Amino acid sequence: MNVIIVGGGIAGLSAALGLRRAGHHVRIFERSSFLREVGAAINVCPNASRILLQWGFDTKRARLVAARRSVVAPGSSLKTLVDVDCSQFPSVYGASFFFAHRVDLHTELQRLATGSGPGSPVEISLRSEVVNYAADQSSVTLSDGSVHHADLIVAADGVHTTAIHQVIGHAVPAVSTGSAAFRFLIPSDVLRKDSDIAPLLEDGALRVLVAEDRRRLVWYPCADNTVQNFVGIHTDLASDGAEKEDWDRDATVDDLLTHYHDFHPTIIRILKKATSIKRWPLLYRDPIPTWTRGRLVLIGDAAHPMLPHQGQAGAQAIEDAGALSELFTFAEQTSTTQQEIQSRLWLFEQVRVNRASAMQVFSNAGQDESWKIKEQAKKYLPEGVEVPRSPAEFMRHNFGYDVIDDAREVLGGYLRRGGEEVDI
Ligand SMILES: Cc1cc2nc3c(=O)[nH]c(=O)nc-3n(C[C@H](O)[C@H](O)[C@H](O)COP(=O)(O)OP(=O)(O)OC[C@H]3O[C@@H](n4cnc5c(N)ncnc54)[C@H](O)[C@@H]3O)c2cc1C
């Protein structure tokens, strides 16, 4: 198959890698020059790292940090409320829970997609903006007017996707949650020099520091533990629905202190050392019932943008890639007709839509606030599966799932039925 992927973010690059490994020719159209990748960290949870490891992802080269423990504590006292040991995750979940610097993750995905390895290297066309999708013709139009056809079009163009109009028939704007997140990185050496802060520095430790009014400060290391990443979620009435999701707005130390003034004095000392602080308005989009039309499919944030509370946004994009790779692995005798491709996309929706929709809903609350999302989440969970109630239960639910196994089972059933006609 010839595949066009629109967008070279984590979703697009992972899908390109997975589809290349399945034997397809992949071309990515990316509107930026890749120079805009913003420095911040992201969780690579075991449900995603398990897939990347199978695909040869080099965690050392990408300077990933394996989580050792995950702690919840009040920001004011720092007295531990919950302490989950993550060091055994490789034996429990088949892979570690990693923390990555976004640039490192992106660079390693790009190396795997374009370098030597199974299948043909992915071609990446930078400064190539897609201005139109034509699902019925299975084509895209670039801003220079050129039209490109493929057997499969994957829209991995992020939360502001324009492909969603083709799939749903109308725009589905993200709405305000009334919250925003501060984001900043501080070199570990800077913190280690402060004798009050140094004892709190711990390799592989994730800390969620909580307070009333939905405030929380999430702190974890990345880049071989040389950099500490902070995400400060807070109520922010300026985050009205008129704001566009933007990861790159500036904020100040005074903004941090206004929101976290009652936190422990050591945390205040840390906040005072922050530089290059960004403010990210947290917008929410309801799950959408379908991600495909014809041979066009949405993945990643284009299909299921989510808030950072579960740390699953990147992981869900990688699960999409895992499912695509598995479901589009064809036996030699299979002819890749238009009907066959649409059938495989239908299978993709069976595997992905409910799983990612549940994660979207889970992500509207902290792992200690399950009651807030219980009713809405239920409808996306398989029968007999309960909504998790604690951080440990969320981890089991989120990390224990294996999308490759699931996709294999769904594809196996379909093939055993002789590739029966499916409802498209
Ligand atoms: C700067 C940044 C910081 C983030 N930080 C966090 C975080 O801390 N925690 C978290 O959980 N999630 C975070 N996210 C979200 C998380 O990274 C995503 O959920 C996940 O990586 C999947 O992203 P994606 O590839 O679907 O979309 P994106 O990362 O948004 O990538 C979309 C890509 O498509 C390209 N594109 C868009 N439109 C077009 C077009 N018309 N033509 C061609 N190319 C196009 C864009 O340039 C971009 O490269 C962040 C995202 C960004 C961009």
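## Fold and sheet of a 424-residue chain

A compact globule of 424 residues would have a radius of gyration near 22 Å; the protein chain has 21 Å, which agrees. That radius is taken over C-alpha atoms, and the globule rule is 2.2 Å times the number of residues to the power 0.38. The model is predicted: local features need pLDDT of at least 70, side-chain atom pairs count only at pLDDT 80 or more, and totals for chains, interfaces and linings use all residues. Residues are numbered from 1 along each chain as its sequence is written, and side-chain values use heavy atoms, with hydrogens and water left out.

**Overall shape.** The C-alpha trace spans about 65 × 50 × 40 Å along its principal axes. The protein chain holds 13 helices and 20 strands. These are DSSP runs numbered from the N terminus: helices are H or I of at least four residues, strands are E of at least two. Of the 424 residues, 56% are buried, meaning under 20% relative accessible area with a 1.4 Å probe, protein chains only. Contacts are heavy atoms within 4.5 Å. Among those between residues at least 6 apart in sequence, 74% join residues at least 24 apart.

**The sheet.** Six strands form an open, mixed sheet in the order β8-β2-β1-β12-β20-β19. Its edge strands are β8 (123–125) and β19 (292–293), each pairing on one side only. Two strands pair if DSSP finds at least two bridges between them. Three parallel pairings are listed here.

| Pair | Sense | Bridges | Bridge partners or opposite residues |
|---|---|---|---|
| β2 (25–29) and β8 | parallel | three | I28 opposite I124 |
| β1 (2–6) and β12 | parallel | four | V6 with A155 |
| β12 and β20 | parallel | three | V154 with V297 |

Strand β12 (residues 152–155) has L152 and V154 pointing one way. I153 and A155 point the other way, and all four are buried.

**Around I299.** I299 lies in the loop between β20 (296–298) and α9 (313–327). This residue is buried, with a relative accessible area of 0%. Which residues does I299 touch, not counting those up to four places away in sequence? They are A11, A15, V154, A155, A156, D320, L324 and F348. Two of these contacts, V154 and A155, are residues of β12. V154 is also the bridge partner of V297 in β20. I299 and P287 are 12 residues apart in sequence and 13 Å apart in space, C-alpha to C-alpha.

Key
Buried < 20%, exposed > 50% of the residue type's maximum accessible area, 1.4 Å probe, protein only.
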